[in-house]
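Here is a short tour to follow with the viewer open. Each stop picks a few elements and looks at how they fit together.

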Amino acid sequence: MAEGLLGNVLEDEEQKTEVEAPEALASAEAFAAAVAAKLSWNDPGVSRKTEEFLSEQTELLKVQREHLKDEHEARLHYLRGQAREVDIRRFGLRLRIGFQLFVALVATAIGIGAVVMIRDAVTSRRVVIDPFDIAPNVPPQVPSGKIVAGGFLDELSRLQDATRSNIQRLDLSDAWAGKVKLEVPETGVSLGELSHLLRERFGHDVHIEGDLIETPAGGLALTVRGNGVPPKTFSGSATELEKLTTETAEYVYSKSQPARWAYYLQNVGRGEEAIAFCRAALGSATKDDRPYLLNVWANSINNTGGSPREALALFRRALKLKPDYWIAYNNVMNSLWLLGDEEAAWRVGEDMRKAAGGRPGRAPDLFYQNWDTLTWNLGTWLAATVIDAEANAGVGTGGNTSGTTLADIHARLHDPEAAELALKTTKEDPHDATIGALTHFVRGRLA
């Protein structure tokens with residue numbers, strides 16, 4: 001410990017000596033210079049040499065001053081140049097960062113666009129109508145292949161619009177529509193063509209093509225075909241092109257959207273055809289379509305005066321295949337009610353509410369309509385029916401047009417004015433026999 005303290009003291013003394021040494025040396029030099037200057041006055045030679053020395057030193061100082069002045073300007077210029085260079089580098093760095101951010105944003109946008117395009121291709125479920133071929137022997141008054149395909153597309157759209165169903169609609173389009181002509185650099189392929197290639201490779205589109213020829217008897221024969229749609233020819237006279245177009249559209253609709261086609265047959269009152277179609281299509285239908293076909297089959301049995309118990313068995317089978325098939329719950333309730341077992345119908349409604357996780361829950365309120373009627377929960381039934389009608393062109397998705405159903409509910413709620421208005425604004429449909437029946441029923445209730 002003592003040695004450490006002593007060492008520190010000695011180190012401090014040495015440091016002080018080193019610090020004071022330059023000051024002492026400077027004092028000695030100044031003293032020597034003063035003595036030399038004093039002695040120079042006593043010797044003329046020394047005085048002259050001293051004067052010369054001082055003159056030379058003065059000149060040297062002047063030169064050094066000028067040199068420092070010039071050097072100062074040069075150094076300022078150099079420093080200004082360095083400052084400008086730093087500013088330019090900073091600007092260049094900012095520009096580079098900005099460009100990199102721009103490239104990153106463009107790459108991100110392209111990446112997102114590519115992902116969206118691929119996703120759309122993978123999930124695509126369109127029916128694409130390609131231009132039809134017209135044989136050279138067809139009379140000149142027959143329109144072009146593009147016009148014939150356009151009429152076919154219009155008829156398919158009409159069939160879809162006339163179908164009251166919650167089943168997802170397919171996107172109908174023609175092959176020459178929606179082409180985006182933004183070229184991809186260095187490939188010459190447009191985005192529309194790229195999307196088309198992706199849909200063909202990864203999608204599930206149904207491409208329909210056809211040809212029109214003149215028959216030996218002078219009539220017309222229209223053939224349609226596509227992936228998943230076997231070729232079929234429809235023949236008629238030379239003036240029946242519109243009829244042929246309707247027949248081919250119905251054929252393609254039934255093959256590409258069997259469940260929606262079954263609902264269409266039910267909606268337009270072609271119950272016997274609906275039963276025959278569902279029975280024939282059920283075996284080859286997809287797992288997703290089978291519950292819908294069973295439901296339409298059962299509805300058509302009821303609509304044509306068949307056995308309610310047979311219909312009930314089909315409804316229950318549909319519900320077994322699709323436990324969240326809420327409309328099947330509703331139809332089971334309706335069948336039990338028709339059979340006089342209202343308590344069992346009420347229990348099925350309770351089972352539906354539990355399966356849906358309560359009410360409101362996963363099941364739409366519309367499908368509680370039989371339970372609501374049994375329990376006289378009319379306000380909720382009215383609200384659900386209005387929502388369904390507004391979302392589906394005013395006709396709803398039920399087995400009968402929403403207008404007369406709304407009139408019935410208003411009559412039960414003792415609102416005759418609203419009931420009359422609902423009857424007056426019900427859309428006419430010659431294929432819906434329930435409109436006339438329910439209209440008489442409501443008017444009788446009002447009377």
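Which residue forms a salt bridge with D365? The partner is R359, and the closest N and O atoms of the two side chains are 2.9 Å apart. Please keep in mind along the way that this is a predicted model.

## Around D365

D365 is found in the loop between α11 and α12, the latter covering residues 369–374. With a relative accessibility of 30%, D365 counts as partly exposed. Its salt-bridge partner R359 is partly exposed as well, at a relative accessible area of 24%. Elsewhere, R164, D429 and D432 are joined into one network by salt bridges that share partners.

D365 also has a neighbor to look up in the viewer: A383. The two are 18 residues apart in sequence, and their C-alpha atoms are 8.6 Å apart in space.

## Two more salt bridges

As a reminder of the principle, side chains of opposite charge can pair when their charged atoms come close. The structure holds 16 salt bridges. One of them brings together the side chains of E250 and R270, with an N to O distance of 3.6 Å. E250 sits in helix α5 (residues 241–256), while R270 belongs to the loop between α6 (258–267) and α7 (271–281), so this pair ties together parts that are 20 residues apart in sequence. Is E250 buried or exposed? E250 is buried, at 16% relative accessible area, whereas R270 counts as partly exposed at 23%.

R353 and E350 make another salt bridge, and here the closest N and O atoms are 2.7 Å apart. Both residues lie in helix α11 (residues 342–355); because they are three residues apart, about one helical turn separates them. The general geometry is familiar: an α-helix has 3.6 residues a turn, so residues three or four places apart point the same way. E350 is buried with a relative accessible area of 15%, and R353 is partly exposed with 30%.

## Strands β4, β5 and β6

Next, turn to the strands and begin with β5, residues 220–226. Why can β5 be called largely enclosed by the rest of the structure? Five of its seven residues are buried, so the description follows from that count.

On one side of the pairing list is β4 (residues 206–214), which runs antiparallel to β5 and is joined to it by seven bridges. Within this pairing, I208 has G226 of β5 as its bridge partner. The two strands form a hairpin with five residues between them, and in the turn G218 has a positive phi of about 90°.

The other partner listed for β5 is β6 (residues 229–236), again in the antiparallel sense, over six bridges. Here L220 is matched with G236 of β6. Two residues lie between the strands of this hairpin, where G228 takes a positive phi near 85°.

## Strand β1

β4 has a pairing with β1 too: three bridges join them, and the two strands run parallel. In this pairing V128 stands opposite H207 of β4. Which way do the side chains of β1 (residues 126–129) point? R126 and V128 point one way and V127 and I129 the other way, and all are buried.

## Helix α9 and its two faces

Helix α9 spans residues 308–321, 14 residues in total. From its first C-alpha to its last it reaches 20 Å, close to the 20 Å expected at 1.5 Å a residue.

Its buried residues are A311, L312, L314, F315, A318 and L319. Viewed down the helix axis, these buried residues fall within an arc of 165°, so they line one face of α9. The face turned away from that buried side carries the exposed residues R309 and K320.

## A nonpolar patch on the surface

The last stop is on the surface. Which residues form a nonpolar patch there? They are F99, F102, V103, V106 and I110, which together have about 490 Å² of accessible area. One of them, V103, is found in helix α2 (residues 44–122). V103 counts as partly exposed, with 41% relative accessibility.

Definitions and conventions. Residues numbered from 1 in each chain as written. Predicted model: local features only at pLDDT ≥ 70, side-chain atom pairs only at ≥ 80, totals over all residues. Heavy atoms only, no water. Buried < 20%, exposed > 50% of the residue type's maximum accessible area, 1.4 Å probe, protein only. Helix = DSSP H or I, 4+ residues; strand = E, 2+ residues; numbered from the N terminus. Pairing = 2+ DSSP bridges. Patch = residues over 30% accessible without salt bridge, like charges linked within 9 Å, V, L, I, M, F, W, Y side chains within 5 Å. Areas by Shrake-Rupley, 256 points an atom, 1.4 Å probe, with all protein chains shown as cover. Salt bridge = Lys/Arg side-chain N within 4 Å of Asp/Glu carboxyl O. Expected span 1.5 Å × (residues − 1). Arc of directions from axis to C-beta.
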